[in-house]
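These are my notebook entries on a structure that I had not examined before. I set down each point in the order in which I looked it up.

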Amino acid sequence: MDWVQTVVLAIIQGLTEFLPVSSSAHLILPSQLLGWEDQGLAFDVGVHMGTLAAVVIYFRQDITNMLVAFFASLNGVRSVDGRVAWFVIFATIPALIFGFMLNDIVDQYGRSILVIAATTLIFGALLWWADISRKEVKPLEEITLRDAITIGLAQAVALIPGTSRSGITITAALMLGFTRQAAARFSFLLSIPVILAAGSFKSLELLQTATATQWEMVIGGALVSALSALACIHYFLKLLDRTGMLPFVIYRLCLGVFLLGVYFYVPVNA
């Protein structure tokens, strides 16, 4: 890797981790379309830790309140923050289970341009339908265990590249009647244990390999991904009620059609 690739890939990771457009798909595409070499496991871990740092920093007050309330709940003290904390845990379980069971299968069969194009189009259309048909009556404070499990099961589908973890969880939350802000906020909070688990798993893989690592690229990528993710979260939440999901739906549909064109008409190894 060179610094241009490092910065580009880190920005892609930082922006697409929290936008409903699929970070995994966008990180796969440069190698598929531009012939870039795989960025390597260490870099992948670095940029994921960068995005994790960003969401923790941005929601630091919420996380602090939830942690305090969570430990208080162990002593029988009930609160909204404590309930949300428990539901984040419950909603994370499906992704962990399916991720552990299907990781190798997804890596082997799910990283082709055709798969990415199909999921980009299908789940983009579903996001559009969920947004235009939303009722927007429920704040996050009214989340139930059933809501959390449903969103968690939807999150597990995001193992397939092109689906978008944030996109599918926001879609599920909108379909359950949550406001856009509540859907996005829960999606971002839900990303914390998932990114942490994925980063930990990849770190264990990294420790078992003996490949040379460009640590300056890894550290630089982590910093760039953290900064771009912070900006992304801030402006996404700020503009969400004004723009809705339509800009992301249009982008996904255009990207999906473009990828289908690449798959069928351009000689690319998929």
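In which helix is Ile97 found? I looked this up and noted that Ile97 belongs to helix α5. The model I am reading is a predicted one.

**Entry: the fold as a whole**

I then turned to the chain as a whole. I counted its secondary structure as eleven helices and zero strands. Written along the sequence, the pattern reads α-α-α-α-α-α-α-α-α-α-α.

For the overall dimensions, I noted that the C-alpha trace spans about 55 × 40 × 35 Å along its principal axes. I compared the radius of gyration with the expectation for a compact globule of 270 residues, which is near 18 Å; the protein chain has 18 Å, and the two agree.

I recorded that 47% of the 270 residues are buried. Among contacts with a separation of 6 or more, 83% are between residues 24 or more positions apart. The accessible surface comes to about 13,300 Å², and carbon and sulfur atoms account for 68% of that surface.

**Entry: the nonpolar surface patch**

I returned to Ile97 and asked how much of it is accessible. Its relative accessible area is 43%, so I entered Ile97 as partly exposed.

Ile97 is one of the residues of a nonpolar surface patch of about 990 Å². The other members I listed are Ile89, Ile93, Phe98, Phe100, Met101, Leu102, Ile105, Leu145, Ile149 and Leu153. Two elements give two or more residues to this patch, namely α5 (80-109) and α7 (145-157). The largest share, eight residues, is from α5.

**Entry: the nonpolar cores**

Next I looked at the interior. In soluble globular proteins, nonpolar side chains tend to be buried together. Here I found that the largest nonpolar core has 48 residues, and that Phe186, Phe188, Phe236 and Met245 have the most contacts inside it. Helix α9 gives the most to this core, with nine residues.

Which residues does Phe188 touch, not counting those up to four places away in sequence? I wrote down Phe18, Val55, Phe59, Ile233, Phe236 and Leu237. There is also a second, separate core of seven residues, and Leu29, Ala117, Leu255 and Leu259 are among them.

**Entry: a serine in α9**

I also looked up Ser187, which is placed in helix α9. Is Ser187 buried or exposed? Its relative accessibility is 0%, so I entered Ser187 as buried. Apart from neighbours within four places in sequence, Ser187 is in contact with Arg165, Ser166, Thr169 and Ile170.

**Entry: salt bridges**

Side chains of opposite charge can pair when their charged atoms come close. How many salt bridges does the structure hold? I found five.

I examined Arg185 and Asp62, which form a salt bridge with the closest N and O atoms 2.8 Å apart. Arg185 lies in helix α9 (residues 180-207) and Asp62 in helix α4 (residues 60-73), so this pair ties together parts that are 123 residues apart in sequence. Both partners are partly exposed: Arg185 has a relative accessible area of 23%, and Asp62 has 21%.

I then took up Asp131, which is buried with a relative accessible area of 5%. Arg180 forms a salt bridge with Asp131, and the closest N and O atoms are 3.0 Å apart. Why does this pair tie together parts that are 49 residues apart in sequence? I noted that Arg180 lies in helix α9 whereas Asp131 lies in helix α6 (residues 113-132). Arg180 is buried, with a relative accessible area of 9%.

Salt bridges that share partners also join Asp62, Glu141 and Arg185 into one network.

Arg134 meets Asp131 in a salt bridge as well, at 3.8 Å from N to O. I entered Arg134 as partly exposed, at 28% relative accessibility.

Key. Residues are numbered from 1 along each chain as its sequence is written. This is a predicted model: local features need pLDDT of at least 70, side-chain atom pairs count only at pLDDT 80 or more; totals for chains, interfaces and linings use all residues. Side-chain values use heavy atoms; hydrogens and water are left out. Patches are made of residues with over 30% relative accessible area and no salt bridge: like charges are joined within 9 Å, nonpolar side chains (Val, Leu, Ile, Met, Phe, Trp, Tyr) within 5 Å. Accessible areas come from the Shrake-Rupley method with a 1.4 Å probe; for residues, only the protein chains shown count as cover. A salt bridge is a side-chain nitrogen of Lys or Arg within 4 Å of a carboxyl oxygen of Asp or Glu. Helices (H or I, at least four residues) and strands (E, at least two) are DSSP runs, numbered from the N terminus. Buried means under 20% relative accessible area, exposed over 50%, partly exposed in between (1.4 Å probe, protein chains only). The radius of gyration is taken over C-alpha atoms; the globule rule is 2.2 Å times the number of residues to the power 0.38. Contact means heavy atoms within 4.5 Å. A nonpolar core is a set of buried Ala, Val, Leu, Ile, Met, Phe, Trp, Tyr and Cys residues joined through side-chain atoms within 4.5 Å.
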